[in-house]
Amino acid sequence: MPLDPMEKRRLTALEKLGILDTPPEERFDRLVRIARQFYGVKTALFTILDDKRQWFKSKDGIDARETPRSVAFCDHAIRQDKAFIVEDATQDPRFKSNPFVTGQPHVRFYAGIPVREPSGFKLGTLCIIDDKPRQIQEVDLDVLRTLASLIEDELEYAYLTGGDAGDVAVSHLSRAIQRAQNVFLTNDNERAAFELMLADLLALTGSQFGFIGEVLYHDDGKPYLKVGAITNIAWSPETQALFQQVERRGMLFERLDNLLGAGLVSGGVVLANNYANDSRRGGLPPGHPPITSYIGLPVYSGGNLIGLVGLANRVGGYKESLADDLAPLLQTVGTLIERKRLYQEKREHQLSLEQAANFDALTGLPNRRRLTELFEQELFEAKQRNGTVAVCFIDLDGFKEINDEHGHSVGDAVLRSIAERLKNTVRGHDVIARLGGDEFVAILRDVDDERVYSRILEAIRQPISYRHFVLHLSGSMGVTVYPDDDADTDLLLRHADQAMYAAKESGKNAYKIFDLQSHFTRKERVRVLEQIGQAISRDELELYYQPKIDYKHQTIEGFEALIRWNHPDDGLLGPGHFLEHLEYTEYARTVGNLVINEAIDKLLLFNSQGLVYSLSVNLSPSHFLGKTFPADLAQAVERLPRGLRHRLILELLETTAMDDASLVIDTLRRCRDLGVEVSLDDFGTGYSSLDYFRKLPAHEIKIDRSFVNDMLDDPESEMVVTAILGLARSFGRRVVAEGIENAETHARLIELGCDLGQGFYYAKPMPYQQAYEWAANFHWQTVAVTAVDS
């Protein structure tokens with residue numbers, strides 16, 4: 001296919017330039033390195049395209065020297081007048097099948113700026129490449145554009161012939177100044193700005209090496225130089241280390257007995273066109289290439305020497321007039337140095353403000369604001385490593401008395417001493433902060449021994465000698481531990497504060513761990529009380545029924561009705577999740593009446609179906625002991641015929657029955673007078689006296705499940721069961737054993753003469769319809785055979 005006429009002319013200009021297949025040159029390599037470092041990419045290239053290939057004049061981050069032009073991203077870039085950007089090559093139809101995308105080096109991101117030769121043809125690009133997708137705007141490529149412009153200047157300098165080699169082209173100088181101003185006025189990267197200005201100076205003067213430095217002064221007035229940019233001379237391990245030092249914090253030149261020092265002392269231009277024989281030579285680092293010529297150019301601000309530019313190895317040497325030629329650019333260098341100093345002063349002022357905003361002025365410890373930041377970081381890192389964070393809230397005991405008796409200056413000295421002791425007691429990565437007054441906080445990482453807390457308090461207890469005083473004080477400390485206490489920073493501090501007050505109340509000079517169980521119980525109580533009203537109105541509460549087996553008649557005697565909450569978010573909840581939170585609230589009465597009335601509805605339903613089942617319901621202690629209970633019960637049983645009321649059994653905890661003997665006995669008699677029966681639940685745990693038991697008008701005793709569960713393995717538990725059975729027979733009380741879980745226990749209870757039993761061995765609590773069907777299919781023989789087989 002014949003070439004386009006413009007492409008022919010482009011290739012002719014490229015051939016005339018004579019740059020193809022030439023050795024690497026530092027003047028180009030330097031600019032490519034700057035591009036790669038500035039944008040933090042894997043690869044940067046100065047590429048040139050002939051008719052069949054893409055050749056790399058300079059490269060950083062890749063081993064290849066050339067690629068076919070047919071797969072070159074740069075072939076697309078030179079067809080445009082602006083930056084060519086590919087943010088993710090795998091998503092770009094033009095490149096997703098490119099072998100350099102599907103294989104090594106796995107190109108994802110590309111940005112290229114066309115580079116023109118002196119007559120105006122685009123011969124190649126300066127480009128940056130990465131193996132990760134990047135998002136970038138064209139405006140973010142100003143530095144890449146500047147570097148491409150510098151490459152063009154280098155090409156033009158090499159191309160032009162004739163004229164005085166000592167003169168600096170005014171057009172080139174103007175462009176250099178514009179570039180410098182653009183970079184340091186629009187970018188905070190000062191090192192990059194210095195690097196670009198040095199690259200311009202080297203290009204403008206045809207120098208091989210150079211540096212730009214800031215002149216500083218020791219306390220004794222002696223000048224020294226801090227280098228901001230220097231030619232990369234990393235051709236040996238020694239110079240590589242030196243160059244890395246410059247990149248990190250700037251190189252310092254302090255010798256005044258060499259050419260560089262001569263410029264610092266005299267403040268004038270320093271020339272050395274015969275470096276090898278100049279008495280002021282020396283001071284080069286090991287491994288530095290030979291120097292043939294040198295010029296030192298002072299940089300002034302007003303009448304003050306603030307900087308120095310050094311250039312070396314120019315063909316034909318240097319003239320002192322070069323300082324005049326470069327004066328506008330050197331003035332720009334001075335402006336940059338002044339800007340740097342202003343920025344540094346501003347930064348120091350900012351640090352001072354940050355210190356005041358984040359640290360306690362008296363002790364130097366982090367204050368509350370800074371503590372919050374450090375605390376959040378500690379919690380984040382704890383999540384990352386699956387670790388713990390102990391939060392210790394410390395309040396000094398006796399500090400107020402010291403302050404009042406000896407004055408604030410002594411009090412301040414005490415606080416500083418305590419702060420220092422606390423810092424010395426914990427590890428380096430732990431945090432000590434002062435909240436104000438005599439309150440401190442310690443944030444401790446991964447504490448695995450509580451003796452750490454004792455050591456902190458022991459450090460506080462040590463006597464403090466100040467002037468002619470020996471002062472004594474102690475500390476009270478509250479501790480909570482994340483993630484057991486899974487809260488945010490504010491709540492964790494509040495919980496540690498609460499624990500600290502508990503330590504104060506227990507006698508001071510001690511620490512207390514935050515009571516998580518009580519906290520979670522209180523928290524859950526609030527949540528339940530917020531939701532239970534709506535649960536009642538939405539009929540989310542439901543009774544489940546567990547059968548009670550009559551051993552003597554080998555039938556179902558009845559059911560115990562157990563409340564459940566069909567929670568919309570948490571699912572089915574048993575009574576242990578919410579009933580205790582309702583005690584001594586209006587909801588205890590509301591739910592109690594709801595259960596009693598539901599039981600009465602079911603008893604009426606049983607009766608209409610010819611079923612003689614009893615139904616037991618559990619009474620809330622606070623409802624039963626309340627003034628309204630007798631009236632509530634009387635109103636509820638009005639719907640139940642007298643002859644059926646004995647089938648309603650009210651279960652009362654034995655421990656509740658012991659709370660107020662006279663009130664309990666009076667209320668139970670009222671229940672009996674209404675015709676309902678009463679059962680003492682969890683019997684055996686309340687230690688009621690024999691005389692009290694005799695007076696209680698209860699019809700039934702339910703043996704606590706703990707004794708029933710253990711009776712086969714624990715002789716003492718069986719003795720308790722046997723004693724309760726004997727006691728009940730003596731007083732004519734019916735006995736129910738609850739918590740029966742296996743055939744052996746079932747058989748043993750029958751052998752001991754127990755009346756009734758219930759437990760998972762027979763059936764778990766079930767919704768009404770399921771319980772009704774279970775009862776309809778009940779056969780004693782199945783239960784008995786299972787027991788015998790076991």
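**View 1. Gly610 follows helix H19 with a positive phi.** In this predicted model, Gly610 sits just after H19 and takes a phi of about 75 degrees. H19 itself covers residues 586-608. At 1.5 Å a residue, its 23 residues should span 33 Å. The C-alpha atoms at its ends are 34 Å apart, which agrees.

**View 2. Helix H19 has a set of buried residues.** Buried positions in H19 include Tyr587, Ala588, Val591 and Gly592. Further along, Asn593, Val595, Ile596, Ala599 and Ile600 are buried as well. Lys602, Leu603 and Phe606 are also among the buried residues of H19. An α-helix has 3.6 residues a turn, so residues three or four places apart point the same way.

**View 3. A cavity is lined by nonpolar residues.** The structure holds two cavities of 30 Å³ or more. Shown here is the second largest, with a volume of about 50 Å³. Its lining consists of Tyr545, Phe559, Phe606, Tyr613, Tyr768, Ala771, Tyr772 and Ala775. Eight of these lining residues are nonpolar, with no polar and no charged ones. Helix H28, residues 768-776, gives the most to this lining, with four residues.

**View 4. Phe559 and Tyr613 form an edge-to-face pair.** A pair of aromatic rings is described by the distance of the centres and the angle of the planes. The count of aromatic pairs comes to 20. In the pair of Phe559 and Tyr613, the centres are 5.3 Å apart and the planes stand at 90 degrees. Phe559 lies in strand E21 (residues 555-567), and Tyr613 in the loop between H19 and strand E23 (614-618), so the pair ties together parts 54 residues apart in sequence. Both Phe559 and Tyr613 are buried.

**View 5. Tyr761 and Tyr762 also pair edge-to-face.** Their ring centres are 5.0 Å apart. The planes meet at 65 degrees, over the 60 degrees required, so the pair counts as edge-to-face. Tyr761 and Tyr762 are both buried.

**View 6. Ring pairs build an aromatic cluster.** The cluster links Tyr545, Phe559, Phe606, Tyr613, Tyr768 and Tyr772. These six residues also appear in the lining of the second largest cavity. The charged end of Lys602 sits over the ring of Tyr768, 5.0 Å from its centre. Lys602 is one of the buried residues of H19.

**View 7. Lys764 lies over the face of Phe760.** Here the distance to the ring centre is 5.4 Å.

Notes. Residues numbered from 1 in each chain as written. Predicted model: local features only at pLDDT ≥ 70, side-chain atom pairs only at ≥ 80, totals over all residues. Heavy atoms only, no water. 1 Å grid on protein atoms, 1.4 Å probe; cavity = no way out; pocket = protein on both sides within 12 Å on 5 of 7 lines; lining within 4 Å. Points joined across faces, edges and corners; volume = space filled by probe spheres on them. Helix = DSSP H or I, 4+ residues; strand = E, 2+ residues; numbered from the N terminus. Nonpolar A, V, L, I, M, F, W, Y, C, P; charged D, E, K, R; others polar. Expected span 1.5 Å × (residues − 1). Buried < 20%, exposed > 50% of the residue type's maximum accessible area, 1.4 Å probe, protein only. Phe/Tyr/Trp six-rings, centres within 6.5 Å; stacked < 30°, edge-to-face > 60°. Lys NZ or Arg CZ within 6 Å of the ring centre and 35° of its normal.
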